[in-house]
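Work through the exercises below with the sequence and the model open beside you. Each task is followed by a solution that goes step by step.

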Amino acid sequence: MSVWDDVVGQEEQIAPLRAAVGSTNSMTHAWLITGPPGSGRSHAARAFAAALQCDSGGCGTCRECQTALSGAHADVTLLATEKVTISIDEVRDLISVAQSAPSQGKWRVIVVEDADRMTERTSNVLLKSIEEPPPRTVWLLCAPAAQDVAVTIRSRSRVVSLRMPDPDAVAQLLITRDGVDPVLAREVALAAQSHIGVARRLARDPGARARRDQIVALATEIRGVGDAVLAAADLVAVSEQDAKASSEERDADERNALLRTLGADDGGRLPPALRAQVKQLEDNQKRRATRLKRDVLDRAITDLQSLYRDVAATQLGAQVELINEAHRSHIEQLAARTTLADTMRCLDALSTARKRLAGNVSPLLALEAMALALRPAT
Ligand SMILES: [Zn+2]
């Protein structure tokens with residue numbers, strides 16, 4: 001077992017990170033880890049943070065590894081924002097943390113999960129700290145693409161670019177690590193479009209599979225205005241259930257893992273020194289839950305996009321594997337009933353809805369507008 005096990009299909013991409021663990025020559029103070037959503041950039045950052053703290057270079061099982069991965073390590077600070085932009089005060093707080101030497105670990109590691117959400121002014125404040133960091137401080141910045149962060153930051157960081165793993169690599173991971181049936185593994189890897197976290201959850205939770213099916217089926221059921229409004233409300237409700245189910249399971253797992261590594265049984269009273277670590281974990285979980293709701297809706301839109309992508313492929317007669325093989329008959333009906341221009345219009349409506357959600361428009365309003373646009377032209 002190793003902290004890198006979950007960073008799938010990126011052996012070459014993460015080689016510089018692995019080389020830097022334990023080698024001062026390959027180490028640097030600022031890293032920029034880029035990759036599309038689902039490529040595992042924040043996971044790679046946490047794995048690197050854990051490997052830097054671990055005595056065995058990232059065994060995945062010791063207390064250092066587990067607390068670093070879960071976000072509870074005293075010398076690993078994670079900034080995962082649920083806001084559209086990271087505030088200048090948040091960055092100032094991080095900089096002051098970055099100034100202090102590690103309390104117990106080997107490195108002071110600061111992970112900024114959404115470095116693309118900084119304004120130029122905030123980036124400039126951060127730049128000073130990245131240029132002259134204390135000797136044991138490492139900044140790990142994550143962003144979808146290198147051009148999403150200020151050029152000044154980019155030029156002073158070492159860039160590690162992740163890619164979307166191949167669906168076969170994701171399926172293989174599910175088979176070997178999670179014991180998933182090969183047919184199901186392949187189906188969910190395709191449905192998740194190689195997003196490892198989503199694929200794993202679809203494989204493990206039949207409820208999650210049913211909710212995804214429901215989302216994909218919604219689009220084919222919209223005929224009139226009434227259907228569209230109902231479909232939007234359903235989509236919000238299904239997504240909220242999904243976010244809740246997903247965070248509850250993960251929160252409990254993380255809490256138990258942390259309590260175990262701290263040597264405390266669940267239910268027993270924790271000494272104050274340990275309580276702070278549990279509190280930090282809970283704060284991270286709360287922030288994540290807020291964010292998860294938006295991510296799940298975004299995911300629902302991705303699922304719908306995959307449906308229309310399949311419809312377009314069918315209309316074009318393209319010889320490609322369908323992402324939603326299980327919905328083939330629906331897809332073929334939709335392809336026959338509409339034109340390619342209709343399908344493109346629907347795909348546009350989906351990307352507009354995604355932009356609106358990212359801009360903090362009320363989810364229900366954004367989805368109603370989207371569902372109305374998905375109505376078949378008569
Ligand atoms: Zn370890």
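**Exercise 1.** Which residues of α9 are buried?

Solution. This is a predicted model, in which local features need pLDDT of at least 70 and side-chain atom pairs count only at pLDDT 80 or more, while totals for chains, interfaces and linings use all residues. Residues are numbered from 1 along each chain as its sequence is written, and side-chain values use heavy atoms, with hydrogens and water left out.

Begin with the terms: helices (H or I, at least four residues) and strands (E, at least two) are DSSP runs numbered from the N terminus, and buried means under 20% relative accessible area, exposed over 50%, and partly exposed in between, with a 1.4 Å probe and protein chains only. The buried residues of α9 are then I196, V198, A199, R200, L202 and A203. Next, look at what lies over them: taking contact as heavy atoms within 4.5 Å, the cover includes α7 (167-178), α8, α10 (206-221) and α12.

**Exercise 2.** Where do the partners of the salt bridge between R201 and D242 lie?

Solution. A salt bridge is a side-chain nitrogen of Lys or Arg within 4 Å of a carboxyl oxygen of Asp or Glu, and the side chains of R201 and D242 meet this rule at 3.3 Å, N to O. R201 belongs to helix α9 and D242 to helix α11 (residues 225-261), so the pair ties together parts that are 41 residues apart in sequence. Salt bridges with shared partners join R201, D205, R211 and D242 into one network. D242 counts as buried, because its relative accessibility is 11%.

**Exercise 3.** Set the salt bridge of D75 beside that of D89.

Solution. Take D75 first: its side chain meets that of R108 in a salt bridge at 3.6 Å, N to O. The pair links distant parts of the chain, with D75 in the loop between α3 and β2 and R108 in strand β3 (residues 108-112), 33 residues apart. Both D75 and R108 are buried, and the relative accessibility of D75 is 0%. Leaving aside residues up to four places away in sequence, D75 touches Q53, P102, S103, Q104, G105, W107, R108 and V109.

Now turn to D89, whose side chain forms a salt bridge with R92 at 3.8 Å, N to O. Because D89 and R92 are 3 residues apart in helix α4, about one helical turn separates them. An α-helix has 3.6 residues a turn, so residues three or four places apart point the same way. D89 is partly exposed at a relative accessible area of 48%, and R92 is partly exposed at 42%.

**Exercise 4.** What geometry does the site of the zinc ion have?

Solution. First find the donors, which are N, O and S atoms within 2.8 Å of the metal (3.2 Å for Na, K and Ca); water is not among the atoms, so sites may look incomplete. The zinc ion is coordinated at 2.3 Å by the SG atoms of C54, C59, C62 and C65, and these donors follow the spacing C-x4-C-x2-C-x2-C along the chain.

Then test the angles: four donors count as tetrahedral if all angles lie between 85 and 135 degrees. The angles among the 4 donor atoms run from 104 to 116 degrees, and the site is tetrahedral. As for accessibility, C59 is buried at a relative accessible area of 17%, whereas C62 is partly exposed at 24%.

Definitions and conventions. Four donors count as tetrahedral if all angles lie between 85 and 135 degrees; four count as square planar and six as octahedral if opposite donors are over 155 degrees apart and all others between 65 and 115; anything else is irregular.
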